[in-house]
Amino acid sequence: MTIPITYYLVLSAIVFLTGLVGVLIRRNIIAILLSVELMLNATNINFVAFSEHLRDLGGQVFVFFALTVAAAEVAVGLAIIIALHRAKDTIDVEQFTLLKW
Amino acid sequence: MMLSAHDLFAILPELLVIFAACAVLALDPITPAAKKDGLAWLSLGTMAICMGLTAARFGSPTTAFGGLVVIDNYSCFWKLLLYFVTGLTILLSLPYLKEERIYFGEYYGFVLLALSGMMVMVSGADLLTIYLGTELMSISLYIMAGLKRADAKSLEASVKYFVLGAFSSGILLYGISLLYGSAGSTQLPAIAAAIAGRSPDDSLLLIATILIAVGFSFKLAVVPFHMWTPDVYQGAPTSVTAFMAVASKAASFGAFMRVFVEGLGGMRANWSLMFLLLCMGTLILGNIVALVQTNVKRMLAYSSIAHAGYALIGVVAAGRLAPTEAASAISSVMLYIALYAFMTFGAFAIIALLRKGGLEGDEIEDFSGLAKRHPFAALLMLVFMVSLAGIPPTAGFIGKFYVFMSAVHAGLTWLAVLALVFAAISAYFYLRLVMVMYMREPEAGTALLPRFVSSPALSIVLACAIAGVVFFGLYPDPIVNLATQATLTLK
């Protein structure tokens, strides 16, 4: 029995929206980073599901690249967060108010 | 798939830039502090070689890596612009980094890595390459924004840029994954073939289009996805801001138009409506909010948002015109961004030059009496402001003229009129700066600082920017012809 493609799409949509809402409402920057990762992983679910559905390997190749990019992004992001934490002793985004409209 | 000599030769400029970036990173630790400028000259030499290589490619389109990369006139046009802007950035950085006391040789490595990402973006013909290019550019820029490590503002800008950039990449990538599912491929020509004749109400395709548009809107800083722009532009070192405002915007427009014209051309009825709304919002908010800014970098950030709105007019027109006529609308956008590059870069170079001895020099107050303190810098800033406002006979007017004409051709005369009204409003905040420079007395303490243009590198940057603004304002034919030859065709 194969699992219909829509199941995967619904799962990935739920994961993606969890991440999206997380980015918008969380105040700890590490939690925001985790939420972004959720969004990227939702994408990977999509790619693999479509790849299987379409019988096309392109989607799986894309996942490898997406994973690598996500790792690079997190490495740089954490480095920036550490630098900011050293300067300001907080990682609460509400406190980052030097620049404002 | 085997690598062939043809493939490697096709991406020779990219390889050279990446090689130079690695060389800069490797040489940095073993270069004595007094000789770090050599790294900048190495980067600059790479720009000159790449410019020659890419100019030689103009007119002989080819694809490589099985369609992942395409080297056509369109990508050559953007690459030439990017080399030019990167060269100016390196020259501007030479004196500016010393003023800011940023002694990282890696800086030039990041500039080159960001450039290589931009080059991949504009010559990518597959969503995979375009996505990778976007990320390579963005990740390098996140780091560059935070290079003033002692300055909390710079770090804050870096974090904000990173969070919103990663967020927008997530949205873009989700859109790409849905498009892949809907069209069965990530190659733009294959997508175009797969969606040809699809109903415009195909919900999966529509959601994918919207998400990809949102992802790109963040990169282009289009309202309502512009929130990061003023903060990042203000906090980042000025040389980086200039690079972001010009090069990253140009590359994003290059990739964005290729995706929507070559890949999603079949959905143009939908996306032209979507971009029409974004464009109106951008014109209105960008120009209105710029009126109340007190910091020049922030004002220019809102100005760059507004300019993305003007350029979007051409994209909207391209979606409405018949495929045979859309090419001229696309070339008007390319022309607009190329001319915008000269004036915006020049304006940021003046701000960089005002940074002297710990004084920030980016508040509007800091410009008061500049005409008395340094008449030449004030005159240059006057020309850049007049050009940004779109007053003839400057390059800014030519850019606006062609974009507005394409709107009129597409039956969007009302949009051209609206944009014209907002261009008139924008003149207020551009000319207010001119008024401050010419009508106010210099503030005590800032008066009669030592010579401003203290380095030949900065003089070259300003000379290039002003020459572009004035020359193309009076005689735009060369760049208009170039953009016309390099435009994309809607299939």
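Guide: A residue is called buried if 20 or more other C-beta atoms lie within 10 Å of its own, exposed if 12 or fewer do, and partly exposed in between, with the C-beta atoms placed from the backbone. This is a predicted model, in which local features need pLDDT of at least 70 and side-chain atom pairs count only at pLDDT 80 or more, while totals for chains, interfaces and linings use all residues. Residues are numbered from 1 along each chain as its sequence is written, and chains are lettered from A and ligands numbered from 1 in the order in which they are written.

Visitor: What makes Ile479(B) buried?

Guide: Ile479(B) has 22 other C-beta atoms within 10 Å, and the cut-off is 20 or more, so Ile479(B) is buried. Ile479(B) lies in helix H20 (residues 477–486) of chain B; helices (H or I, at least four residues) and strands (E, at least two) are DSSP runs, numbered from the N terminus.

Visitor: Which residues is Ile479(B) in contact with, leaving aside its neighbours within four places in sequence?

Guide: They are Leu335(B), Ala338(B) and Phe472(B). Two residues are in contact if their C-beta atoms, placed from the backbone, lie within 7 Å.

Visitor: Why does Val223(B) count as buried?

Guide: With 23 C-beta neighbours inside 10 Å, Val223(B) meets the cut-off and counts as buried. Val223(B) is in a loop, the one between H9 and H10 of chain B. Its contacts, apart from neighbours within four places in sequence, are Leu278(B), Gly281(B), Thr282(B), Leu285(B), Gly286(B) and Ile305(B). Take Met280(B) too: Val223(B) and Met280(B) are 57 residues apart in sequence, and their C-alpha atoms are 8.8 Å apart in space.

Visitor: How do you know that the span of H12(B) is close to the expected one?

Guide: The expected span of a helix is 1.5 Å times one less than its number of residues. Helix H12 (residues 268–290) of chain B has 23 residues, for which 33 Å is expected, and it reaches 31 Å from its first C-alpha to its last, which is close. Its buried residues, among them Trp271(B), Phe275(B) and Leu283(B), pack against helices H9 (203–220), H11 (238–263), H13 (296–320) and H18 (413–439) of chain B.

Visitor: Why is H13(B) called largely enclosed by the rest of the structure?

Guide: In H13(B), 25 of the 25 residues are buried, so the helix is largely enclosed. H13(B) reaches 36 Å from its first C-alpha to its last, close to the 36 Å expected.

Visitor: What makes a nonpolar core, and which residues touch the most other members of the largest one?

Guide: The term covers a set of buried Ala, Val, Leu, Ile, Met, Phe, Trp, Tyr and Cys residues joined through C-beta atoms within 7 Å. The largest has 225 residues, and Leu82(B), Ala341(B) and Ala349(B) touch the most other members. Helix H14 (residues 323–354) of chain B gives the largest share of this core, 23 residues. Leu82(B) touches residues including Leu115(B), Met118(B) and Ala247(B), not counting residues up to four places away in sequence.

Visitor: How do you know whether chain B is compact or spread out?

Guide: The radius of gyration is taken over C-alpha atoms and set against the globule rule, 2.2 Å times the number of residues to the power 0.38. Chain B, with 20 helices and 2 strands, has a radius of gyration of 21 Å, close to the 23 Å that the rule gives for 491 residues, so it is as compact as a globular protein of that length. Of those 491 residues, 63% count as buried.

Visitor: And what makes chain A compact or spread out?

Guide: Chain A has 3 helices and 0 strands. Its radius of gyration is 17 Å, well over the 13 Å that the rule gives for 101 residues, so chain A is more spread out than a compact globule. Its C-alpha trace spans about 55 × 25 × 25 Å along its principal axes, and 33% of its 101 residues count as buried.

Visitor: How many residues does each chain give to the contact?

Guide: Chain B gives 34 residues and chain A gives 35. H7(B) gives the most to the side of chain B that touches chain A, with 19 residues. That side has 18 nonpolar, 10 polar and 6 charged residues. Here Ala, Val, Leu, Ile, Met, Phe, Trp, Tyr, Cys and Pro count as nonpolar, Asp, Glu, Lys and Arg as charged, and the others, Gly among them, as polar.

Visitor: What is the mean pLDDT of chain B?

Guide: The mean is 90, and 96% of the residues of chain B reach 70 or more, where pLDDT is the predictor's confidence in each residue, from 0 to 100. The model scores ipTM 0.94 and pTM 0.94.
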